[in-house]
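Thanks for coming. I will keep this short, so please have the sequence and the structure open while I talk.

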Amino acid sequence: MVASLRSRLSAKPILLTPGVYDALTACLAEQAGFEALYVSGAGIAYTRLGRPDIGLVSMAEVTETIALIRDRVGVPLIVDADTGYGNALNVQRTMRAFERAGANALQLEDQTYPKRCGHLADKGVIPTSEMTGKIKAAVDARHDPETLVIARTDAVAVEGFERAIERALAYREAGADVLFVEAPKTHDQLRAVATALGGEVPLMANMVEGGQTPLTGAADLEALGFALVIFPGAVVRAVAKAAQDFYATLRQHGTSAPFAPRMFDFDALNDVIGTPAMLDLGRRYEGGEPS
């Protein structure tokens, strides 16, 4: 593992980062070999609240989620901090809370509040000057200089593509460590983002199945000049479809047997989450064995 997320983003290949929403998905993603994970605000809204990503999740709920995930995995965590949950002073409180919980990077966006998923319509954005103040506040508040501030602009859908690029440049000047232009509509716009913004700080891309941006693979994004790509909500869509199919099967047949080939059985899931090792550790402590 590299010394920091910052140094990893300066290296090849592109950092492919899956979305997670709890300790189990984080554990599974780490076991799959991913170098970093993206704690998705949308994923938390979908799974914890059963609601859409429209600003309903609180800072405290995300902080608790980060802490539970950090207790389970060791890889860097990139965390969706939405708008920072208020003004610049709220951003500073969010930075301190998320860092303490185990975040290695905070993504802040320039939407108005209540925000909504970046691939939904009818968004609004705050003035550029307000967002640059938030970025400066986050930079000033971080305890560890290796904690990254990712600046996201949603202006493509509100003010147009060129204005989004102007905003991103301003956010870079304000101290953002990574730039993220949300929801480019075409491959040409993805290429234009990299052309206009590449070189000084890493660039991040967001892939949403069925969203506004054409689904593009990591290798192709790297060729364009992106250093980081997230697939934030993919696991929720996969789990939701599997769960829907499971419940339909159980309701129809009165048993889970027809679905069994698509499931972990009891022992297999316990192996995945490390139950035997934890029970063995507990027995060692009960016997007073040395560490």
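I start with the salt bridges, and this is a predicted model, so please take every number here as computed from it. The structure holds 22 salt bridges. As background, side chains of opposite charge can pair when their charged atoms come close.

Take E159 to begin with. Which residues does E159 meet? One is R163, with 3.5 Å from N to O in that salt bridge. Another is R167, where the N to O distance is 2.9 Å. So E159 has a salt bridge with R163 and another with R167.

Now look at how much of each residue is accessible. E159 has 36% relative accessibility and counts as partly exposed. R163 is partly exposed as well, at 28%. R167 has a relative accessible area of 2%, and because the cut-off for buried is under 20%, R167 is classed as buried.

The next pair is R262 and D245. Their closest N and O atoms are 3.4 Å apart, and they form a salt bridge. This pair links distant parts of the chain, with the two positions 17 residues apart in numbering: R262 sits in the loop between α10 (234-253) and α11 (266-273), and D245 sits in helix α10. Is R262 buried or exposed? R262 counts as exposed, at 54% relative accessibility. D245 is partly exposed, with a relative accessible area of 22%.

There is also a network. Salt bridges link D53, D82, E109, K115, K123, R152, D154 and E182. If you want to find this network on your screen, K115 and E182 are among its members.

On to the pockets. The largest pocket has a volume of about 660 Å³. How many residues line the largest pocket? The lining has 20 residues, and those nearest the centre of the pocket are L24, V239, A242, R262 and F264. You have already met R262, as the partner of D245 in a salt bridge.

Which elements supply the lining? β1 (15-20), α2 (23-31) and α10 each give at least two residues. α10 gives the most, with seven residues. Recall that D245 is in helix α10 too. By class, the lining comprises 16 nonpolar, two polar and two charged residues.

Last, some backbone details. K12 and P13 are joined by a cis peptide bond, with omega at about -5°. P13 belongs to the loop between α1 (5-9) and β1, and β1 is one of the elements that supply the pocket lining.

Then there are positive phi values outside glycine. Y85 is not a glycine, yet its phi is positive, about 65°. You will find Y85 in the loop between β3 (77-80) and α5 (88-101). Y85 has a relative accessible area of 18%, so with the cut-off for buried at under 20%, Y85 is buried.

A183 is another residue other than glycine with a positive phi, in this case near 60°. Its place is the loop between β6 (178-181) and α8 (187-197). Is A183 buried or exposed? At 5% relative accessibility, A183 counts as buried.

That is the end of my list. I can go back to any residue you would like to see again.

Definitions and conventions:
Residues numbered from 1 in each chain as written. Predicted model: local features only at pLDDT ≥ 70, side-chain atom pairs only at ≥ 80, totals over all residues. Heavy atoms only, no water. Salt bridge = Lys/Arg side-chain N within 4 Å of Asp/Glu carboxyl O. Buried < 20%, exposed > 50% of the residue type's maximum accessible area, 1.4 Å probe, protein only. Helix = DSSP H or I, 4+ residues; strand = E, 2+ residues; numbered from the N terminus. 1 Å grid on protein atoms, 1.4 Å probe; cavity = no way out; pocket = protein on both sides within 12 Å on 5 of 7 lines; lining within 4 Å. Points joined across faces, edges and corners; volume = space filled by probe spheres on them. Nonpolar A, V, L, I, M, F, W, Y, C, P; charged D, E, K, R; others polar.
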